[in-house]
Amino acid sequence: MATLAHPDEPRRPNIASADIQLPAVTSYEQVDNEILSILQPTKAWFGALLLALACLGLGAFSWIYQIHQGLGVAGYNPPVMWGVYIITFVFWVGIGHAGTLISAVLYLFRAGFRTTIYRAAEAMTVFAVMTAGLFPIIHIGRPWKFFWLIPYPNWRLIWPNFKSPLVWDVFAITTYLTISTTFLFVGLIPDIAVLRDRETNPIRRRILGVLSFGWRNTEREWRHFARAYLFLAAFSTPLVLSVHSVVSFDFAMGIVPGWHTTIFPPYFVAGAIFSGFAMVWTIIIPMRRWFGLRHYVTLNHLDASAKLVLFTSLAVGLAYLIEFFIAWYGGVQYEQDYFWNRVFGQWWWAAWIMLTCNMILPLSLFSQKLRRNPTWLWILSIFINIGMWFERFVIVVPSLSHDVEPWQWSSYVPTWVDYGLLIGSFGWFFMWFLLFIKQLPVMALAEIKEIIPPKMKHTHGHGGH
Amino acid sequence: MTDTTTQGVKRRDFLKVLGVGGAAATATGCSTGDVEKLIPYLVSPDQTVPGVSNYYASTCRECAAGCGIIVEVRDGRAIKVEGNPDHPVNQGALCARGQSSLQGLYNPDRYRQPMKREGDALVPTTWDDAIGILAGKLAEVRAAGTGSRAVVINQHEQGSFPVFLDGILGDYGIAPHLSYDAEAPLAVAAANRAAYGAAWPAIDFSAASLIVSFGADFLDGWGLSVPQQLAFAEARGKVEGAPRFIYVGARRSLTGLNADQWIPVRPGSELAVVNAIAGKGAIAAAAEAAGVGAGLLEGLAQEIRTARASALLAGGYGPEAGAVASAVAELNKSRGNVGKTIKPQDGYLAFEGVAGHAEIRAAAARMAAGEVPLLIVRHANPAYTSAPGVGFAAAMDKVPFKVSFSSVPDETTSKCDLVLPDHHALEAWGDAEPVRGTLSLQQPVMDPVFDSRATGDVLLAVAKRGGDYRSYVAGRVGGNAALKDAMPKAMARGSVATRSASRASATPAGAGAAQDGAFFLMTYPSPSLGDGRGANKPWLQELPDPVTKICWQTVVEMHPEALKALGVEDGEIVTVTTSAGTLTAPVFGYIGLRPDTVAVALGRGHVGAGRYADAGENAWQLLATVEDRAGAAALAGTKANVAKAEGRQRIVTTEGSGRQHGRGIAQAIALPALLSGEAGHGHHTFEGQASTEFLPGLRSPTANDAQGDMGVPNSKDKGQYDPDHWSGAARRRWAMTIDLAKCTGCSACVTACYAENNIPTVGGAWQGPQILPDRTGFGANITRSREMAWIRLERYWEIDREPKDVVFDPEHPDFETRFIPMMCQHCGNAPCEPVCPVYATYHAPNGLNVQVYNRCVGTRYCSNNCPYKVRYYNWFGYGDPSRTQYAFPEPLHWQLNPDVTVRQKGIMEKCTFCVQRIKEAEHRAALEQRASVGEDGVRIDGLRPDEFTTACAQACPSRAIVFGDAADDQWSVAQWVKDRRAYHVFEELNTYTAVVYLQKVNHPAPTASATA
């Protein structure tokens, strides 16, 4: 542990290190008081919730209308048979990945900067997957038959087609939702116990007691908790790679020009982490400001995450360039025509939004000054969110609109129903998130307490805890 | 139906009783007014078996040609119209218009009972009342002695009815009627009659080595399109020794697109060109007048001089069409073509006794002058199909009493005082004499849909003559017994009585005063809607124009160069102004048009002629009163100005990109290259492709088909063709060949597929989203490519740039066009199958790629993965009667094929290779005890080779489509797939398709170098 005597934070924190400090956080009481004070509802919070519910209402209306009328009310334009819904599905699945990466992978790698942001990121993961999971159902023509994709025993002995990537998706998404929810919940147990102890309402106290499994803060409990947490982290880690790989198979297994490529799994995973971190910023940066958490999520934390974003941006950018290279190198005319059309033809604007937001603007993170500028990071995060949505747009729409058969080439313009459901998905996601931050601690109390020096040792400058 | 004449109890009453029972089985049957009528007969005629079709031969009345048809009737309802294979005119083929007669029969906008005028509105009345009124009026006319001044206009039809009509009305002193046909090529018919002694000689294209068409659009519905197309396609299908074809005309019609060379002469210069070729003028001067390079005309003259046997055809719609036709006929005579390629002795009688536009104009003038006491129209719609200068509608106001026998509302009938709706041709008796000496009979195939009556019967009742029109027709063939004998084939020897052509003739209006305008205006009858008579049939509205691929919309066609000069792009609104009127419509750049010419199709933009007919604009409004020397309206005799107007509309087109981008979809080969064997087998190979064994009869590698070893060359595993395959050996590999040398792009197959497979039309203005739709109007769904045609005709330009950048070069104006019908290819290794999460699409052992509608959840992944993009999705509840988007409003749904599911919203559908026909044939074989069990225990279906075929192949007037079992050499398709021109589309994708195309064959000019 670095010197606590220095009031200034180190300028260049090592993100791969567990060695991280919160100089302005000095006591356990401070942690409990500051973080649990967030749980008090405010007018602004009610306003935000109302806005989220309004967006959700728009989405719900759009969906009901669509179910009644048929998918024709959306902007589908054959052969563009997949549109905003699949784009938004992939977008939200991708968002989810950062949470698991932060909470599980970085945990295993002992990257200390994860501590104060992982809870929010993990909640984000669960809600993002809950959002994403809706979209395949919204997207299909007969949503009431959705369960046919699930392998359930039936007297007709009809099973789903296990060759179809869409069936793999069902497994990937349900697994991911199960694991990430479990992981979030297990991590919450000690913190729920804190809430229980401070709760005066007997009913709530009882509920929190049940949720905390009667946590009594014993050594034995902590040992089991740590092993369980580690185990779940190890369990979740492969999902970071596998889930988005499976999602990418939806495209890579098709013989559509622009889809049929082996680079998709790593490319999608990098993109997912990239977009997920952007969404973490979108959420965390306003939170640290509004809830007065700047001394928990310090500039060092942001700096460290910015480096990860820069890395994934470079990975994604490389994937973009390799796609162009392979299209040229592969010599398949359909691919070449498609990529030309994507960048310089019909869809140039979408492709350049993607390239600008995902490849060019993140290059600014080479500057430490900008890495440590929360305002810029927040603005950048919005650009990245937009850019990553457009990345999926560029993959889905231009490929389908410019397939092998020229006679069927077409265009695609979403309608208000598409936009309604896109907006509704944000309403759905933020509704859950807003409810979450007023019910459960948005930062892991127990883990933060681990990194502040215990009071009885405060005279010593060195030594762990 | 010969023997369903009378029934003791009215059928509809029975249905209501039946409906009470039926209601229990239906969700909607809560009231007897809304019952599902499951089986129309409670007590059925002897030969009607529920679920088994009866077939009745009859005669098509959709145009003047008089093709023979066979109507499939299931449980008392006509469900499909096909060509009669024994008929001398169409030999089993049928065009889109003929097949759509069903939608005239079941048209939801038909008059349901007689109507009479009360004030401004037509109100329903009874037949007794209506007949009484008509009898009274006719008696008045007779008493006043004004009958000779009455005007009677009948839609031109062949047969005995015109004589019958004249006979009955003659008793009232009424002059012979006008038999009007706005699309009849009267000038050419008259010139032919003068030159050859036959108005419409048969053309033996096979005997010709060169075909030159001077604006004769013989594949566009001009003349008798089906026999012309049959003969043309047969000739072109010969490949070696097939005639070369040159088209001379300002606009490249469908006929023009089928030509090997296009010489775009300026409208009005045709006569000079023909004369120069005949040596009666200088080529250079003619080329100057025609606005094309002199080399083109010299080459043309040279080819005509040296051709072994040529067929020169005159056509066109200019004011000089008659003179051109005479000149061409002289040329044919001098080249010795008459009797060789032009065969007057085998002529058709379609255009005998047709009244022209001039006669309608003369009648309108008399009407306007108040001389006409009575106007009677039947099916003809002169208020729409005449130049605005005629003022027919206004003239009608001066006629004290107007009677219509039309069965559907239109511009003329809606101004009448009494409507006595005639039966549809499929409900009525009649006859025709399409070729000399053969009577083609027309019989009712089902009970009338509505409370209509045959005009013949009404007139007999009015005249109190007794009997019915059926007896009259029977009299033509020699009595009732003879009629009964003749009906199975609906043909008899005999002739109809010819009319005494004693009607007052009218002087055609010449070009008259010089017209101003920067452009020549060419209007032309739409290949699908004709002069406008097909406009209320959604199949025809939705059928993309074979040339422009536009449906539900009227566009102003201009050359892209002219568009640039005007500063507009495709879809921008322009106003066309002529001396007669204006038309405002989106502009469309068409490369097959001279830059100094604009073209607009006729047929759309009706007012009050039904819910579908409102689509588009009415180009008749543009026509100045100019007539050719035979009195027909000169559709290309007006000059026009074009100005940019405000706004823009989406073009309602089914075309994505009109170019192949080098992808080898529609392949062609020049004849010399084919003969020299250069690119003979047409096998599209790529570097590194493994050689594969082929299933006998089909270029589908056995080892790679169905569940065999995918992609392993020379594998012993024969997949489902292995006799020991666990699922039972596949005995059949259903396959199809399409000969692009024969296919003209006419699109009759598309309509056949709509009729057979219950495909919904989606272009209605009401068939889109109901809340805040972002696209409205007719064809809104199609602007999002949501048409449902399981088979589509792709039309590719072979040009090196986008059509909008094409520049017109008078020296080298030519470009090649290729048509290719595209439907589900029934791949042996289908990309759609593995991606479906619920097995809604899978591979059947007989090679079919099967779509299970009930299992489909609508992920649409199959469509994404289909390289051919032949899967179609139900975006709305087109099949749900409770929906606004319902595609079959009562009684159009009576046409639905009961063997085919009406698909619900949210599911995918596609071509099934008419699996219901395969099953029907198998069942028939089983019933006839032809099926058996083979030694290996596998069932043998016992089908006879070529026993049945798909709807598209059946209808094809080019005979380009052959369907059958490619695994059995006795089927013709098994021979066709071995053709040296055979190829698969996108073979490099390893889809192993069951559809094999035969390359189109180009016939370059004898001197020109061969290019593929």
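**Entry 1: Tyr839(B)**

I began with Tyr839(B), which I located in the loop between helix 22 and strand 30 (841–843) of chain B. The model is a predicted one, and I read every entry below with that in mind.

I then asked whether Tyr839(B) is exposed, partly exposed or buried. I counted 18 other C-beta atoms within 10 Å of Tyr839(B), so this residue is partly exposed; the buried class requires 20 or more, and the exposed class 12 or fewer.

Next I listed the contacts of Tyr839(B), leaving aside neighbours within four places in sequence. Two residues came up: Asn161(A) and Arg855(B). I also checked Tyr839(B) against Val985(B): the pair is separated by 146 residues in sequence and by 25 Å in space, C-alpha to C-alpha.

**Entry 2: the contact between chains B and A**

The contact with Asn161(A) led me to the interface. I found 45 residues of chain B and 43 residues of chain A in the contact. On the side of chain B that touches chain A, the elements giving two or more residues are helix 22 (832–835) and helix 23 (861–865) of chain B. Helix 23 of chain B supplies the largest share there, four residues. I sorted the residues on this side of chain B by class and obtained 20 nonpolar, 15 polar and 10 charged.

**Entry 3: chain B as a whole**

I looked up the totals for chain B. The chain has 1012 residues, and 60% of them are buried. I noted 26 helices and 39 strands in chain B. Of the contacts in chain B with a separation of 6 or more, 72% join residues 24 or more positions apart.

**Entry 4: domains 4 and 5**

For chain B, the domain assignment gives domain 1 (1–50), domain 2 (115–183 + 354–493), domain 3 (205–337), domain 4 (519–648) and domain 5 (668–1001). I examined the contact between domain 4 and domain 5 of chain B, to which domain 4 gives 19 residues and domain 5 gives 24 residues.

Which elements give two or more residues to the side of domain 4 of chain B that touches domain 5 of chain B? I found helix 18 (538–542) and helix 19 (560–566) of chain B. Helix 18 of chain B gives the most to this side, with four residues. By class, I recorded 11 nonpolar, four polar and four charged residues on this side of domain 4 of chain B.

**Entry 5: the open sheet 11-10-9-12**

I traced an open sheet of four strands in chain B, in the order 11-10-9-12, with parallel pairing. Its edges are strand 11 (261–263) and strand 12 (310–314) of chain B, each of which pairs on one side only. From one strand to the next, the twist averages 15°.

I followed one pairing in detail. Strand 10 (residues 244–248) and strand 11 of chain B pair in the parallel sense over three bridges. Within this pairing, Ile246(B) has Gln261(B), in strand 11 of chain B, as its bridge partner.

I then looked for a helix over the sheet. Helix 11 (residues 294–306) of chain B lies across strand 9 (210–214), strand 10, strand 11 and strand 12 of chain B, and runs at about 130° to strand 9 of chain B.

**Entry 6: helix 13**

Helix 13 (residues 357–368) of chain B has 12 residues. I computed a span of 16 Å from its first C-alpha to its last, close to the 16 Å expected at 1.5 Å a residue. Nine of the 12 residues are buried, and the helix is mostly covered; among the buried residues I noted His357(B), Glu359(B), Arg361(B) and Met367(B).

What do the buried residues of helix 13 of chain B pack against? I found strand 6 (151–155), strand 7 (178–180), strand 14 (374–378) and helix 14 (392–396) of chain B. Gly370(B) follows helix 13 of chain B and has a positive phi, near 80°.

**Entry 7: strand 15**

Strand 14 of chain B took me on to strand 15 of chain B: the two run parallel and are joined by four bridges. Strand 15 of chain B also pairs in the parallel sense with strand 16 (residues 418–419) of chain B, over two bridges. I used Val403(B), in strand 15 of chain B, as the reference point: Ile376(B) stands opposite Val403(B), and Val403(B) stands opposite Leu418(B) in strand 16 of chain B.

Last, I checked the side chains of strand 15 (residues 401–404) of chain B. Phe401(B) and Val403(B) point one way, Lys402(B) and Ser404(B) the other way, and all are buried.

Technical notes. Residues are numbered from 1 along each chain as its sequence is written. Chains are lettered from A and ligands numbered from 1 in the order in which they are written. This is a predicted model: local features need pLDDT of at least 70, side-chain atom pairs count only at pLDDT 80 or more; totals for chains, interfaces and linings use all residues. Two strands pair if DSSP finds at least two bridges between them. Axes are lines fitted to C-alpha atoms, for helices over the stretch in contact, and angles run from 0 to 180 degrees between N-to-C directions. Two residues are in contact if their C-beta atoms, placed from the backbone, lie within 7 Å. The expected span of a helix is 1.5 Å times one less than its number of residues. Ala, Val, Leu, Ile, Met, Phe, Trp, Tyr, Cys and Pro count as nonpolar, Asp, Glu, Lys and Arg as charged, and the others, Gly among them, as polar. Domain bounds come from an automatic or database domain assignment.
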